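Biologist: I should like to learn how to read the empty spaces and the helix packing of a protein model. May we look at one together?

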Amino acid sequence: MKPFILLFPLVGGTFAASLNAYYKPGNGQRVLNGPSDEIILNGQTFDASPAAMNGFSLDLAEKRLIQMEGKDPIWMTELEKIEAKANGIRFFDITDNPTLDGFASVQGTPTYPTPRAYEQVTSVIKTLTTDGPRKLLEKFTSYWTRYYRSETGAESQKWLLSQIEEITAEAAHPQLRGLISIDEFPHSWGQNTIIARINGSSLTDDRIVIIAAHLDSTNMWPFSPAPGADDDGSGTVTILESYRALLAAGFKPKRPVEFHWYSAEEGGLLGSQAVAKSYAARELKVYAMSQYDMTAWVKAGVREEIGVITDYVNPTLTEVNKQLIDAYLDVPYVETECGYACSDHASWAKAGYPSIFTIESAFKHANLANIHSARDRIDISEEFSFDHMLEFSKLAVAFAIELAGWDKL
């Protein structure tokens, strides 16, 4: 039998008891040595040899400060983080941002309008297509992994940045280009967050409207292939198509609009926490933040629907989101829950900003069997639908126009 490390399922909140017989903190690299080493995680066997870890900067023995729902923060190794995630435990990695809670000055929940920009929204929606998202996602999923501590993760982020810049140059109305900025928000792990901003015209209201997805991917065992087509390649190209269509239409917002593609969501919402803390530290005001994480899956035999997350979100903004779906989409919404720290909207909520999350379906019907594995591919099933993704592009367009307003060029 080949040597292996066996990770047992977690029981209650106890991590060390299930691991200490096989793994000692500070000794992870030695334990994993050997060309035939394997790791068994939730009944699946993965290659844990040094060769499999080439191109990664992940130290499995590094201690990280982890916050789980209803518990005091605890120190865990990166290996223990992997086990927790594999067992469905959601958490913030707060090592770099331990004081995000309440960090933003209290701004309260803004007042939001009911949908009223029908002609403007529908004029842009008519220009949305599945062609661009399909082409982009085919390339984006061709990387071995987009894991935030991998060489291919950094390469995929740079490629996405180049595509955003190219789309901006080609699609933006000439009079709009001077209002647009595209920046990398740097992170120490090498894969950066991308922020594309369209400045607002208002001299009195600088509250930001944010539309977001995450650009990284992971396998249950991070060193294994992770094409991440649905999680969250789908959200990444969904909002990029919305961005393209808005630029082509000459969208000049009254409030500033930003499109965010976060790094390291899969590592414990690391990228979005850093961005949210930066905004709070600079006392920037956020009018509304909407997360798009997994937008492609329509489960066979189940009604096509849009999942509106109702837990750990701003309830007032969530009601606005439902109104936008009713007004502009061809698919109905369903209320659903995803739990604590389940995507990047949670970082903004933690910092005190109004945020929401929209997902591909009711959570129980989502693509949970394929994400975080080599099976998260475009061609895995006819249930992966670019037409369904297009509905979310419509929603992002409506969110931008209705909440930011539209001024004439």
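Modeller: Let us begin with a definition of residue classes. Ala, Val, Leu, Ile, Met, Phe, Trp, Tyr, Cys and Pro are counted as nonpolar, Asp, Glu, Lys and Arg as charged, and the others, Gly among them, as polar. Please also keep in mind that this is a predicted model.

Biologist: How does one find the empty spaces, and how many cavities of 30 Å³ or more does the structure hold?

Modeller: The general idea is that a probe the size of a water molecule, rolled over the atoms, shows where empty space is left. In this structure there are two cavities of 30 Å³ or more. The largest cavity contains about 40 Å³ of space.

Biologist: Which residues line the largest cavity, and how do they divide by class?

Modeller: Its lining consists of Trp297, Val298, Lys299, Val302, Arg303, Glu304, Glu305, Glu360, Ser361 and His388. With the classes defined above, that lining comprises five charged, three nonpolar and two polar residues.

Biologist: What are the volume and the lining of the second largest cavity?

Modeller: The volume of the second largest cavity is about 30 Å³. Around this cavity stand Thr129, Thr130, Pro133, Thr238, Glu241, Phe386, Met389, Leu390 and Ser393. Two elements each give two or more residues to this lining, namely α7 (229-248) and α11 (386-404). The most comes from α11, with four residues. By class, the lining of the second largest cavity has four nonpolar residues, four polar residues and one charged residue.

Biologist: Let us turn to pockets. What is the volume of the largest pocket, and which residues are closest to its centre?

Modeller: The largest pocket has about 750 Å³ of volume. It is lined by 36 residues, and those closest to the centre are Lys85, Asp231, Glu266, Ile371 and His372. The elements giving two or more residues to the lining are β3 (44-47), α3 (78-86) and β14 (355-359). Helix α3 provides the largest share, five residues. In the lining of the largest pocket, 19 residues are nonpolar, eight are polar and nine are charged.

Biologist: Asp231 lies among the residues closest to the centre of that pocket. What kind of peptide bond joins aspartate 231 and aspartate 232?

Modeller: The bond between aspartate 231 and aspartate 232 is a cis peptide bond, with omega about -10°. Aspartate 232 has its place in helix α7, the helix that also contributes to the lining of the second largest cavity.

Biologist: How much space lies in the second largest pocket, and which elements line it?

Modeller: The second largest pocket holds about 270 Å³ of space. Of its 14 lining residues, Gly132, Lys135, Leu136, Gln163 and Ile167 lie nearest the centre. Helices α5, α6 (151-171) and α7 each give two or more residues to this lining. The largest share, six residues, belongs to α6. By class, the lining has six nonpolar, two polar and six charged residues.

Biologist: How is the packing of two helices described, and at what angle do α5 and α7 pack?

Modeller: Two packed helices are described by the angle between their axes and by the distance between those axes. Helix α5 (residues 131-140) packs with α7 at an angle of about 140°, and the axes are 9 Å apart. This angle makes α5 oblique to α7. Their crossing is right-handed. On α5, the contact is made by Pro133, Leu136, Leu137 and Phe140, and on α7 by Ala229, Gly233, Ser234, Thr236, Val237, Leu240 and Glu241. The residues of this contact are seven nonpolar, three polar and one charged.

Biologist: Is α6 roughly parallel or oblique to α7, and why?

Modeller: Helices α6 and α7 pack at an angle of about 20°, with a distance of 9 Å between the axes. Angles under 35 degrees count as roughly parallel, and therefore α6 is roughly parallel to α7. The crossing of α6 and α7 is right-handed. Leu160, Ile164, Ile167, Thr168 and Ala171 of α6 make the contact with Thr236, Leu240, Tyr243, Arg244, Leu247 and Ala248 of α7. By class, the contact of α6 with α7 has eight nonpolar residues, two polar residues and one charged residue.

Biologist: One last feature of the backbone: what is phi of leucine 269, and where does leucine 269 lie?

Modeller: Phi of leucine 269 is near 60°, which is a positive value in a residue other than glycine. Leucine 269 is placed in the loop between β10 (257-262) and α8 (270-281).

Terms used
Residues numbered from 1 in each chain as written. Predicted model: local features only at pLDDT ≥ 70, side-chain atom pairs only at ≥ 80, totals over all residues. Heavy atoms only, no water. 1 Å grid on protein atoms, 1.4 Å probe; cavity = no way out; pocket = protein on both sides within 12 Å on 5 of 7 lines; lining within 4 Å. Points joined across faces, edges and corners; volume = space filled by probe spheres on them. Axes fitted to C-alpha atoms, helices over the stretch in contact; angles between N-to-C directions. Parallel < 35°, antiparallel > 145°, perpendicular 65-115°, else oblique. Left-handed = near helix turned anticlockwise from the far one by under 90°. Contact = heavy atoms within 4.5 Å.
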